[in-house]
Amino acid sequence: MKFKAFFTDDGIALLDKRFLPAMDKVGRVCHVYLTPTHAMLLHNLLGPTGPDGGGPQCVAQFAKDLLFREYSVSSRNGNRVAFAVDVALLHRALRSALAVHAQSPAAGDDAAAIQVKLVNKLPVGSRSASPFLTLETKGTRAAVVQDVPISRPLSRSDVERLQAALDAAQELPQVLLLVVLA
């Protein structure tokens, strides 16, 4: 199971200013669901308060080209990857990467890009590797690697349940948010 991409400037601005703060207000943990064509943030679609259990649901679906460039996702599950992440930790890591990225002399260059990828690392004091979503960026004075702990990637059956819940959520009344990039 692999995922690697570089954020676009517009994509990172959308997540930082609009979607991650809103998702954090809905709930502390959300699922990140990556497909060959889309990246999604999903809250409350699985678990005891899922589609049939009540509670607010939140689905933010992005075309991969809006958030990322050089996007690559692969798995034995139809090239779909899903995992749970603490929204506040993800937002904090993204803001830290953005601060370093802002120091870069040419923010649009490949050398100044913010890379995101899935990795397994051995945490200090642990005997087994754990999954992380890693954000890497370089500025003129610093380079930052942020490791955001995530859940183990969801199993094939859980990804199928997540996709079924997502399909069922498409039939719910929707609220349209207009996001204007400044």
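**Group meeting: two sheets and four helices in a predicted model**

Good morning. Of the 182 residues in the protein I am presenting today, 43% are buried. Please keep in mind throughout that this is a predicted model. The protein has four helices and nine strands. Read along the sequence, these elements follow the pattern β-α-β-β-β-α-β-β-α-β-β-β-α. Among contacts between residues at least 6 apart in sequence, 64% join residues at least 24 apart.

Let me begin with the sheets. As a general reminder, the strands of a sheet pair through backbone hydrogen bonds, either parallel or antiparallel.

One sheet is open and has five strands, in the order E5-E1-E7-E8-E9, with antiparallel pairing. Which strands stand at its edges? They are E5, residues 68-74, and E9, residues 143-149; each has a single partner strand, so one side of each is left without a neighbour in the sheet. Neighbouring strands here are turned by 25° against each other on average, direction ignored.

We may now walk through the pairings. E1 and E7 are antiparallel and share three bridges; in one pairing, phenylalanine 6 has glutamine 115 of E7 as its bridge partner. E7 is then joined to E8 by seven bridges, again antiparallel, and there asparagine 120 is partnered with proline 131 of E8. Seven bridges also connect E8, residues 130-138, with E9, and these two strands run antiparallel. Leucine 133 has valine 148 in E9 as its bridge partner.

I would like to pause at valine 119, which belongs to strand E7, residues 115-121. What does valine 119 contact, once its neighbours within four places in sequence are left aside? The contacts are Ser130, Pro131, Phe132 and Thr134. In addition, the C-alpha atom of valine 119 lies 9.9 Å from that of proline 149, a residue 30 positions away along the chain.

I turn to the other sheet. This one is also open, with four strands in the order E4-E3-E2-E6 and antiparallel pairing. E4 and E6, the latter covering residues 81-86, are the edge strands; each has a single partner, so one side of each has no neighbour in the sheet. The twist from one strand to the next averages 20°. E3 and E4 run antiparallel and are joined by six bridges, with leucine 42 opposite valine 59 of E4. Helix H3 packs on this sheet, where it touches E2 and E6, and its direction makes about 90° with that of E6. Helix H4 lies across E2, E3, E4 and E6, running at about 95° to E2.

Now to the helices in turn. H1 comprises residues 9-26, 18 residues in total, and reaches 25 Å from its first C-alpha to its last, close to the 26 Å expected. H1 nevertheless bends by about 45° at leucine 15. Leucine 15 is itself one of the buried residues of H1, which also include Gly11, Ile12, Leu14, Asp16, Phe19, Leu20 and Met23. In general, an α-helix has 3.6 residues a turn, so residues three or four places apart point the same way. Against what do the buried residues of H1 pack? Their partners are strands E1, E2, E3 and E4, together with helices H2 and H3.

H3 is the next helix I wish to discuss. At 1.5 Å a residue, its 17 residues should span 24 Å; the end C-alpha atoms are 25 Å apart, which agrees. The N-terminal end of H3 is capped by aspartate 86, with a side-chain oxygen 2.9 Å from the backbone nitrogen of alanine 88. The buried residues of H3 are Val87, Leu90, His91, Ala93, Leu94, Ala97, Leu98, Val100 and His101. What covers them includes E1, H1, E2, E6, E8 and E9.

Finally, H4, residues 156-169, contains glutamine 163. Setting aside residues up to four places away in sequence, glutamine 163 touches Tyr33 and Arg80. With tyrosine 33 there is a polar contact of 2.6 Å between the two side chains.

To close, the predicted model has an antiparallel five-stranded open sheet and an antiparallel four-stranded open sheet. H3 packs on the four-stranded sheet, and H4 lies across its strands E2, E3, E4 and E6. Thank you for your attention.

How values were computed:
Residues are numbered from 1 along each chain as its sequence is written. This is a predicted model: local features need pLDDT of at least 70, side-chain atom pairs count only at pLDDT 80 or more; totals for chains, interfaces and linings use all residues. Side-chain values use heavy atoms; hydrogens and water are left out. The expected span of a helix is 1.5 Å times one less than its number of residues. The bend at a residue is the angle between axes fitted to the seven residues ending there and the seven starting there. Buried means under 20% relative accessible area, exposed over 50%, partly exposed in between (1.4 Å probe, protein chains only). Contact means heavy atoms within 4.5 Å. A polar contact is a pair of N or O atoms within 3.5 Å; within protein, one must be able to donate a hydrogen and the other to accept it, and residues adjacent in sequence count only if both atoms are side-chain atoms. Two strands pair if DSSP finds at least two bridges between them. Axes are lines fitted to C-alpha atoms, for helices over the stretch in contact, and angles run from 0 to 180 degrees between N-to-C directions.
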